[in-house]
Amino acid sequence: MLSDLLSSDLGTYTKWSGILTLLCLFLAILAFVLQWGIRFRLVGATGFMMVLTVGLFGLGLGLLNRVTIPDAVRYTRVFDNGSNNVVISVPQEIDKTQLQATLKQAAYDFFSYGRTDLGGDHQMTIRARTLLHPKPGLTLPIYLGQAKRSLGLREDEAMKIEVFDRNFAKLTQ
């Protein structure tokens with residue numbers, strides 16, 4: 001019971017807020033029937049609880065839900081034009097399976113209905129790169145792969161993930 005109250009699930013908070021809202025509504029109706037002096041304050045408390053419950057319900061619909069892809073490694077966003085191009089940086093020790101999972105994770109993480117289509121193809125491109133240091137003072141960015149996904153669909157079944165095998169060979173040299 002106490003663990004339900006302390007969870008981070010907004011559905012639990014919405015449920016308890018709804019119960020408290022109904023309790024406030026019952027008390028407000030009872031206050032009007034019995035002519036209590038605090039009846040108008042109870043109406044205000046009931047209205048506040050209704051607004052709070054609706055807000056929690058709205059947040060619980062998916063605003064804070066995050067997709068987690070297994071085998072994805074941590075990445076850093078290097079470039080984002082706010083539209084249709086994103087570049088992420090991944091560690092040099094990444095393998096192809098992890099790269100595919102990381103690109104898919106980034107594609108879900110960076111999806112937003114607010115992104116616009118500058119390229120005209122209604123696609124967002126996420127490129128993954130790492131930095132190689134072949135000799136002191138020289139740094140080469142190596143692009144390992146990319147993901148292309150729709151700008152308009154949250155669940156894009158046609159997402160294309162491409163791994164650049166030639167550039168992976170440069171990692172082992």
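These legends go with a set of views of a predicted model.

**View 1. The whole chain, five helices and five strands.** Walk along the sequence and you get α-α-α-β-β-α-β-β-β-α. The radius of gyration is 25 Å, well over the 16 Å that the globule rule gives for 173 residues, so the protein is more spread out than a compact globule. Along the principal axes, the C-alpha atoms fill a box of roughly 85 × 40 × 30 Å. Some 33% of the 173 residues count as buried. Take the contacts between residues at least 6 apart in sequence: 58% of them join residues at least 24 apart. The accessible surface comes to about 11,300 Å², and carbon and sulfur atoms own 61% of that.

**View 2. A nonpolar patch on the surface, about 740 Å².** The residues that make it are L22, L25, I29, V33, L34, W36, I38 and M50. Helix α2 (residues 10-33) chips in the largest share, four residues. I29 sits in that helix, α2.

**View 3. D80 and its two arginine partners, R77 and R115.** Side chains of opposite charge can pair when their charged atoms come close. Here R77 and D80 form a salt bridge at 2.9 Å, N to O, and R115 and D80 form another at 2.8 Å. R115 lies in the loop between α4 (96-109) and β3, while D80 is in strand β1 (residues 76-80), so this pair ties together parts 35 residues apart in sequence. As for cover, R115 is buried at 12% relative accessibility. D80 comes out partly exposed at 25%, and R77 is partly exposed at 46%. Through shared partners, R77, D80 and R115 join into one network.

**View 4. The salt bridge between D165 and K96.** The closest N and O atoms of this pair are 2.8 Å apart. D165 belongs to helix α5 (residues 165-172) and K96 to helix α4, so the bridge ties together parts 69 residues apart in sequence. Both ends are partly exposed: D165 has a relative accessible area of 49%, and K96 is at 39%. The salt bridge count for the protein comes to three.

**View 5. T130, tucked into strand β3 (residues 123-135).** With a relative accessibility of 2%, T130 counts as buried. A polar atom of the T130 side chain lies 3.0 Å from the backbone oxygen of V90. Leaving out residues up to four places away in sequence, T130 touches V90, P91, Q92, L140, P141, I142, L144 and L171.

Terms used:
Residues numbered from 1 in each chain as written. Predicted model: local features only at pLDDT ≥ 70, side-chain atom pairs only at ≥ 80, totals over all residues. Heavy atoms only, no water. Helix = DSSP H or I, 4+ residues; strand = E, 2+ residues; numbered from the N terminus. Buried < 20%, exposed > 50% of the residue type's maximum accessible area, 1.4 Å probe, protein only. Polar contact = N/O pair within 3.5 Å; in protein donor to acceptor, adjacent residues only side chain to side chain. Contact = heavy atoms within 4.5 Å. Patch = residues over 30% accessible without salt bridge, like charges linked within 9 Å, V, L, I, M, F, W, Y side chains within 5 Å. Areas by Shrake-Rupley, 256 points an atom, 1.4 Å probe, with all protein chains shown as cover. Salt bridge = Lys/Arg side-chain N within 4 Å of Asp/Glu carboxyl O. Rg over C-alpha atoms; globule rule 2.2 N^0.38 Å.
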